[in-house]
Amino acid sequence: MMKKNSWDIQDVHRVANVVAVIMFALWLQSCGSSRSMRQKNKLVDTKATAKTHYLFNRIKEIPKKGYAFGHQDATAYGINWKNDGDTYQSDVQQVSGDFPGVYGFEIGHIELGNQHNLDTVNFEVMRNLIRKAHKDKGIITISWHPNNPMSGKSSWDTTSTVKQILKGGVLYDSYKEYLAKVALFLKKLDGFWQSDIPVVFRPFHEMNGDWFWWGSSSCSPEEYKKLWRETVAILSNELKVHNILYMYSPNLLKKEEEFLRYYPGDDYVDLLGVDVYQYTTDVEYMEILKRNLEVLKAIAVKKNMPYALSEAGHEKLDSSENWWTEILDKSISNTGISWALFWRNARESHFYVPFQGQKTSENFKAYRKLPHVLFLEEISNIK
């Protein structure tokens, strides 16, 4: 009897030791996984503000409910109206009854020290519109079409320039002056020196196309990567801009290799995007959207990054009255994107969302009511 009890005690000790070893191993594995996940989720800017981290986490939450609808220059101007600093409206709101969940703004010509951007939007008015969008809990994205530093002409002048603005190049100091003006704008979005308004910054987009001076016809992939990395380093480290997330977005593509050809690396990118416009038939566009978002999703999942349809649209929307519900939504719902941003309403010959009386207006109202399409009302509730 004593021998049996002695054996039981030893057995208990053995089991306890084994359990302790197993628990310790699991704890180490858990710590390793946590460190790995934190590493994957860290932001490009290691000194990013708390609100910038909060914005990033909000963006990650969106696909759980659907995707956000976005519009470029939504409150700056529309068909037959322009914001003069006193009015606040949008073509989207006039048709659907609500504002977009994502607001796109453009800062091209800020680098020149101009009072207006390349689309004649006053920068002070823009700052106020950004402040209002942020107050309403919308998400703000900022694109930048800077003039060519070499020629002084527009972004669409493809004079080879990138090599000259990299560190050691003859225009390096001139480019840093460009960035100093960008930084000043971004750091004073709310009227104070260090802005507390976080934004998604999407510079040098569509680099795999040949129409910009930073595009495929004007610089090599390695030069582009250096441009991106140096831009991030100057803004974050030298100019102390800590309220932005960096988004990388090529033009449409067919495979992962195309997407990654100019990719500067995970340490320099917070979000992924792709720009896909309709230039063909509705059926072809649906196929193109499907293929591009599949490629984007595959890469984003591997990198554990949020992703979006960063630019999209069909100019003039004259192909189908039911374009929004039957062509667009059926192509992009359930793809995991955080948002789809449609380009600007410049004039009746160049617009991407309906205005009052436009052919697709009624269908857009139906699109607005889809439970997974998130306008400002829904986005403002995502925490």
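At what angle do helix H6 and helix H7 pack? Keep that one in mind while you get your bearings; this is a predicted model, and the tour gets to those helices after a quick overview.

**The whole chain**

Start with everything shown as a cartoon. The protein chain has 383 residues, and 53% of them are buried. You should be able to pick out twelve helices and eleven strands. If you like contact maps, here is one figure for the chain: among contacts with a separation of 6 or more, 74% join residues 24 or more positions apart.

**Stop 1: H6 against H7**

Select residues 172–187 for H6 and residues 221–238 for H7. Now for the opening question: the two helices pack at an angle of about 55°, and their axes are 10 Å apart. That angle is neither under 35 degrees nor in the 65 to 115 range, so H6 and H7 count as oblique to each other. The crossing is right-handed.

Turn on side chains to see who does the touching. H6 brings Tyr172, Tyr175, Lys176, Leu179 and Ala183, while H7 answers with Leu227, Glu230, Thr231, Ile234, Leu235 and Glu238. Colour this H6 with H7 contact by class and you get seven nonpolar residues, one polar and three charged.

**Stop 2: the loop after H6**

Follow the chain out of H6 into the loop that leads to strand S6 (199–203), and click on Ile197. Is Ile197 buried or exposed? It is buried, with a relative accessible area of 3%. Look back along the chain to Lys187: it is ten residues from Ile197, and the two C-alpha atoms are separated by 8.5 Å. Beyond its neighbours within four places in sequence, Ile197 is in contact with Ile130, Arg131, His134, Ile140, Leu189, Asp190 and Asn243.

Now click on Pro198, which sits in the loop between H6 and S6. Pro198 is buried too, at a relative accessible area of 6%. Setting aside neighbours within four places in sequence, its contacts are Lys51, Thr52, Leu55, His134 and Asn243. While you're here, draw a distance from Pro198 to Leu245: they are 47 residues apart along the chain, with C-alpha atoms separated by 7.7 Å.

**Stop 3: two buried strand residues**

Jump to strand S7 (residues 244–248) and select Met247. Met247 is buried, with a relative accessible area of 1%. Which residues does Met247 contact, leaving aside its neighbours within four places in sequence? Show Val200, Phe201, Arg202, Pro203, Trp228, Leu271, Leu272, Gly273, Ala308, Ser310 and Trp339. For a C-alpha to C-alpha check, try Ser143: it is 104 residues from Met247 in sequence but 9.7 Å away in space.

Next, head for strand S1 (residues 67–72), where you'll find Gln72. Gln72 is buried, with a relative accessible area of 2%. Outside its neighbours within four places in sequence, Gln72 is in contact with Gly104, Phe105, Glu106, Ser143, Leu341, Phe342, Trp343 and Arg344.

**Stop 4: the nonpolar cores**

In soluble globular proteins, nonpolar side chains tend to be buried together. To see how that plays out here, put spheres on Phe69, Ile107, Trp144, Tyr248, Leu272, Leu309 and Trp324, which touch the most other members of the largest nonpolar core, a set of 93 residues. Then switch colour for a second, separate core of 22 residues, which includes Leu55, Ile59, Ala68 and Met247.

**Stop 5: H10 and its two partners**

Bring up H9 (residues 282–303) and H10 (residues 323–332): their axes come within 8 Å and cross at roughly 25°. H9 and H10 are therefore roughly parallel, and H9 passes H10 in a right-handed crossing. On the H9 side pick Asp282, Tyr285, Met286, Leu289 and Leu293; on the H10 side pick Trp323, Glu326, Ile327, Leu328, Lys330, Ser331 and Ile332. By class, the contact of H9 with H10 splits into eight nonpolar, one polar and three charged residues.

Finally, add H11 (residues 361–368), whose axis comes within 8 Å of that of H10, crossing at roughly 55°. H10 and H11 are therefore oblique to each other. Here Trp323, Trp324, Thr325, Leu328 and Asp329 of H10 meet Asn363, Phe364, Ala366 and Tyr367 of H11. The contact of H10 with H11 has six nonpolar, two polar and one charged residues.

Definitions and conventions
Residues numbered from 1 in each chain as written. Predicted model: local features only at pLDDT ≥ 70, side-chain atom pairs only at ≥ 80, totals over all residues. Heavy atoms only, no water. Axes fitted to C-alpha atoms, helices over the stretch in contact; angles between N-to-C directions. Helix = DSSP H or I, 4+ residues; strand = E, 2+ residues; numbered from the N terminus. Parallel < 35°, antiparallel > 145°, perpendicular 65-115°, else oblique. Left-handed = near helix turned anticlockwise from the far one by under 90°. Contact = heavy atoms within 4.5 Å. Nonpolar A, V, L, I, M, F, W, Y, C, P; charged D, E, K, R; others polar. Core = buried A, V, L, I, M, F, W, Y, C linked by side-chain atoms within 4.5 Å. Buried < 20%, exposed > 50% of the residue type's maximum accessible area, 1.4 Å probe, protein only.
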